[in-house]
Amino acid sequence: MENNKASNIKSSFVPKKKTFSEKFDDFKKSEGFYNYKKSKSAIAGTIIIIFIVGVALLGPLFTVQDPYDIASLSLMDAYRAPSFMDPDNTQFLLGTDQQGRDVLSAIVYGSRVSLYIGIVATLMASVFGITLGLISGYYGGKVESIIMRLADIQLSFPSLLIALFLMTIFGRGVTNILLALLLVGWVKYARTVRGATLSVKSSEYIEAARVIGLPSYRIIIKHILPNVLTSIVVLSTIQIGNFILTEATLSFLGLGVPVTEPSLGMLCSNGFVVLFSGMWWVTVFPGLYIMLIVFGINLLGDFLRDEFNPKLK
Amino acid sequence: MEKLLEVKNLKTYFHTFKGVVKAVDGVDFYVNKGEILGIVGESGGGKSITGFSLIKLIESPGKIETGEILFEGNDLVKYSEREMSKIRGKDIVMIFQDPMTSLNPVYTIKQQIEESLILHTNLNKKERHERCVELLKDVGIPNPENRLTNYPHQFSGGMRQRVVIAIALAVNPKLIIADEPTTALDVTIQAQILKLMTELVKKQGCSMILITHDLAVVSEIADRINVMYCGKIVESSKVSTIMNHCKHPYTRGLLNSIPDIKDNKDRLETIDGIVPNMFKLPKGCNFYPRCNKRMEECENKEPEYREYKEGHYISCHYPIEGER
Amino acid sequence: MNFILDVKNLEKRFELTSGFLNSLTFKNGKLTKEKKAVHAVNGVSFAIKKGEVFSLVGESGCGKSTTARTVIKLYEPNNGEIFFEGNDITNISRKEMLKYRSKIQMIFQDPYASLNPRQKVIDIIMEPILFHKLANSKQEAEQKAFAVLEKVGIRPEQAYRFPHQFSGGQRQRIGIARALALEPELIVADEPVSALDVSIQAQILNLMMDLKEELNLSYLFIAHDLSVIKHISDRIGVMYLGKIVETGTTEEIFSNPKHPYTKALLEALPKINGKNMVDFKGLKGEVQSPINLPKGCYFCDRCNESLDICHHTIPVEQEITKDHYVSCHLYKGKDNE
């Protein structure tokens, strides 16, 4: 009877792995890609995002000056109107600010700071929030109570208020703002992931993993995490936009990035004093650019939400 | 016998991303007055979609392509949504599979029964109350007066399905479409509910279409049976004919794969293979790849749905001879 | 006797009042602390011989699935003992349990929920092999996985697909392959065919019977329907409200059912060419709440033949004929006759 065991059955099959181009072909034929092609707003969102990322990466190669380099600025150029208003001004397309800094160049450099903060803060908050969410969802009990009550308390305050409070303690600085955004942003992730974990945890495939004898950390990482990630992708796209806005608000209020690394929000606040004295371009153009970024991100985020959430289909 | 419902060449297709699913592909059948018609088949056979098509509850991407649904001589396919809503819930009612979700949890049982009474009858408040009590009594719910004010969660699964039946019967419908009404229930409860439904149908003189995957269930309570496979009716006849003289290999396969508690064979008979992909149906007979009686002709030529003997319809090139 | 699994007096409760706040109830104007629990399994004993198929049957809520999950240690039992091949596995830790994990495997009910949708089939099968180090290399594990898949009728070239690309019956085959991958001796099958179509049910049951012969397996088979288990079982236990009310060989249970509940289960089955179901007299009332267990026989309120004694004394299990045990007051023990 012993030699009747499954180990003695041999298979002659040799597997063939799919190449990348085959996988790409599969993707092009997938339903998600089909829906994407049909969705005008998703395509518009992608174009906007590609444009913004392109500007942030390549923009500095084309700008007329480095706005951080004080030496390249000339006070003589202060408050020049944009080219379309002032035919003499051919150098500064969108005008200059009180220090003679080119607004267009400032936007290009400022968007780098804003995007950096938005993306890194989202990554940090999601990693932190997902970890806590997985732990509290899987283990339950006291750990869960503590984490979730903490989240409840935090959610009972407006997130901007908490960010303001934290920034007052930490002081200005890019690292500090990342930290503040992390502490503000983890809650959403933790709650979403915990909810998803609870529903995944009761699935039979988790029971199957336990029957195999897998330790908890492997079950969490290999079986639960991949299945809660879809809900996170959507949240994260929207969150990048939110963080960019929060950062802009903080910087506008003078509690965000330092003067040496002006973000878009700070550029807005720079020109705010002269907004109603006719020099509107200093504030309005950075403001419009923030709008464009968040708009593009939300367009794509909406599409992803519809795609990943079967209930809305 | 007078026909209550006659369906001619009904086609309901779903236009999805991957292609067209012919969920119901040209079915013809009829229901006589006072008759119970069973529609059986495996999942994906199109039996539920047939039921939904009859009351035109087909949502996008699904669409009734062609066909006629003659209900008392009127073609429902041509009816507008407004006209349909007067028929739905009054002349034709539907009972769904899951008694847990087909009742609204925030209304009492009374409110839910009353809803259709208010909509479709002219009874006053007192009469409605009496009708509700009477209905609950009919479906065998003990102490109906008190239970009327209960919410669905206060009932067990079997009791809930009784309430669903009471709602369905409230306005004396002419046709009940029951879609797997007992699949979610235990065997002892299933027996009670099906018995109750049969009795009520016979008492009220209405007709019923019973959609189920369980041949044994229909064999006990239906008068006639349609066997569906991949959107088509493959065989249709009286129960006794289907059970003892079925001609289509699929019907026979289904019958043989049911474990019989009186039988003592060691292995169960099976139908080989699996239900084909609905996007890539075989060119000829849909059952060809799984059929153990297949011939060359079956591969490329689709069999016609024809009357084999009086009242016995099949679509098969080579019907099986002899008894089961 | 060589038992592969021996379960003695197993009990499992689920506390409803886990938190302190949940346990407080307001009654008669007073706040009182109360403990509430669902008594899912109430003293279940059975033993499975090597190479035997033992089936637990009962309707929803009778505790059959909980019994299965407690036996395989997905739940910790509250009371009782579980012996696997003579070793007590009742209260051992996860680490100690590991060496038995490969010997007891499980097949689940829902072929759509029992496979991780984000794992390829090959990974689903390879995971247990690699974790329990049944293969020295990834290639070897892969070969093993292919072999197991071929065994259950899945072609190896399909192994790189995701579960959603398979039909229900095929998924159940994959679930069986995952259980077989560890070369187990006992398989706990929790309603493995109840979610499948009739023709597919027969295929899966046949496959399970073939595998049992070929690999010398033993099964603990859970089902809600007597007709399904007729062909596969050697012995049957009928459960009601967390207790086994009758056990016997398949022959005995089908030809000579003793307990009124077993009789009702058999009578209620719909039958081809019969009027079994339509003639079924029906049971009174509904299943009692597992929170407040009845005092006497758990079945007495629904029983058509209940006696006075049934309402206050719990019946003891007694042997009617050889290996046929019933817990019912209708049958006087041999000693009393």
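Two residues count as in contact here when their C-beta atoms, placed from the backbone, lie within 7 Å. With that in hand, let us walk through this predicted model, starting from one asparagine.

A:N227 sits in helix α9 of chain A, which covers residues 216-252. Setting aside residues up to four places away in sequence, A:N227 touches A:V200 in chain A, along with C:P117 and C:R118 in chain C. Is A:N227 buried or exposed? A residue is called buried if 20 or more other C-beta atoms lie within 10 Å of its own; A:N227 has 20, so it is buried. For a sense of distance, A:L161 is 66 residues from A:N227 in sequence, and their C-alpha atoms are 33 Å apart in space.

Those touches to C:P117 and C:R118 lead us to the contact between chains A and C. Chain A brings 23 residues to it and chain C brings 34. On the chain A side, the elements giving two or more residues are α8 (204-212) and α9. The largest share, 7 residues, comes from α8 of chain A. By character, this side of chain A divides into 11 nonpolar, 7 polar and 5 charged residues.

Now to the interior. The largest nonpolar core has 257 residues, and those with the most contacts inside it include B:A166, B:I176, C:A145 and C:V188. Helix α4 of chain A (residues 103-139) gives the most to this core, with 14 residues. To see the packing around one member, take C:V188: leaving aside neighbours within four places in sequence, C:V188 is in contact with C:A68, C:V71, C:I72, C:I104, C:M106 and C:L220. C:L220 is itself among the residues with the most contacts inside the core.

Conventions: Residues numbered from 1 in each chain as written. Chains lettered and ligands numbered in written order. Predicted model: local features only at pLDDT ≥ 70, side-chain atom pairs only at ≥ 80, totals over all residues. Core = buried A, V, L, I, M, F, W, Y, C linked by C-beta atoms within 7 Å. Buried ≥ 20, exposed ≤ 12 C-beta atoms within 10 Å, placed from the backbone. Helix = DSSP H or I, 4+ residues; strand = E, 2+ residues; numbered from the N terminus. Nonpolar A, V, L, I, M, F, W, Y, C, P; charged D, E, K, R; others polar.
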